[in-house]
Amino acid sequence: MKKIPVASAAAALLLTAASLFPPGCNQPASTTKADTAATPKTLSHAEMVERGKYIVTAAACNDCHSPKIFTPMGPIPDSTKSLSGHPANSPNMPIDKKVLKPGEWILIGPDLTSFVGPFGASYGANLTPDSATGLGAWTEDIFIKTLRTGKHLGQDGGRPILPPMPWRNISQYTDQDLKSIFAYLQALPPISNKVPAPLTPDDIAKMK
Ligand code: HEC
């Protein structure tokens, strides 16, 4: 049998590759992966709710927005109160005022829904569609504007949304994904839970 020299076998492979992938394929394509992600197919309402559930679960919204059950392995979200925010009946724990100074530790409540630091105090919001205490009165536009601008209720000149709410990360979702998150949140059972208003550093400094 005639042996094919290695070099010519490699050249043949290269030729095949060149015909399968003509030079034009190496040019930047007119749509990038990000563009494709930004223009997914139009989803039905039910598909948006399903996608919203997937994003909310994977993007850890429950960590800061759901009350917890305490287990030996640490706090886990209480599925009967999903996404209803920092529980209004939580005990008011004393705040060490040292946290107001930058460079000190930030405090996190035991169920990971309240936070105190140089920015003041913040409490995970009620994201269920209860109209008095949750997002029931919000429109999709308010929701998207809030998460894109980091301003409370998406209002121009509104107060900045406080740490550790990761709105800068969440703002990176496409419109369709933010709409899907909103569709899922609006499909949750409404839970009445009035989350306390945030505190300014001054409010905390004046505390006894
Ligand atoms: C690391 C904790 C944390 C995570 C994770 C988190 N949030 Fe928040 N979120 C907060 C806190 C704290 C506030 C209250 C901030 C304030 O009052 O300024 C808040 C507030 C909000 C608000 C209300 C904004 C307003 O105008 O008052 C919305 C809406 C919201 N979060 C949605 C989400 C969604 C959706 C996710 C998941 C994709 C999420 N959050 C993940 C901590 C978090």
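**A friendly tour of loops and a ligand shell**

Visitor: Where does L83 lie?

Guide: Good place to start, and keep in mind that this model is predicted. The strand before L83 is β2 (74-77), and the strand after is β3 (107-108). L83 therefore lies in the loop between β2 and β3.

Visitor: Is L83 buried or exposed?

Guide: Let's count: L83 has 25 other C-beta atoms within 10 Å. A residue with 20 or more counts as buried. So L83 is buried.

Visitor: What is unusual about phi in L83, and what is the value?

Guide: Most residues other than glycine have a negative phi. L83 is not a glycine, yet its phi is positive, near 60°.

Visitor: And A60, is that residue buried or exposed?

Guide: A60 is found in the loop between α3 (45-58) and α4, and it has a positive phi of about 65° although it is not a glycine. Within 10 Å of A60 there are 10 other C-beta atoms. The cut-off for exposed is 12 or fewer, so A60 is exposed.

Visitor: Which helix gives the largest share of the shell around the ligand?

Guide: The ligand is surrounded by 23 residues, and C61, C64, S122, L162 and M165 are the closest. By type, the shell has 17 nonpolar, 5 polar and 1 charged. Its largest share, 4 residues, comes from residues 61-65, helix α4.

Visitor: Which form does the peptide bond from P163 to P164 take, cis or trans?

Guide: P164 sits in the loop between α5 (140-149) and α6 (167-170). Most peptide bonds are trans. From P163 to P164, however, omega is near 0°, and the bond is cis.

How values were computed. Residues are numbered from 1 along each chain as its sequence is written. This is a predicted model: local features need pLDDT of at least 70, side-chain atom pairs count only at pLDDT 80 or more; totals for chains, interfaces and linings use all residues. A residue is near a molecule or strand if its C-beta atom, placed from the backbone, lies within 6 Å of it. Helices (H or I, at least four residues) and strands (E, at least two) are DSSP runs, numbered from the N terminus. Ala, Val, Leu, Ile, Met, Phe, Trp, Tyr, Cys and Pro count as nonpolar, Asp, Glu, Lys and Arg as charged, and the others, Gly among them, as polar.
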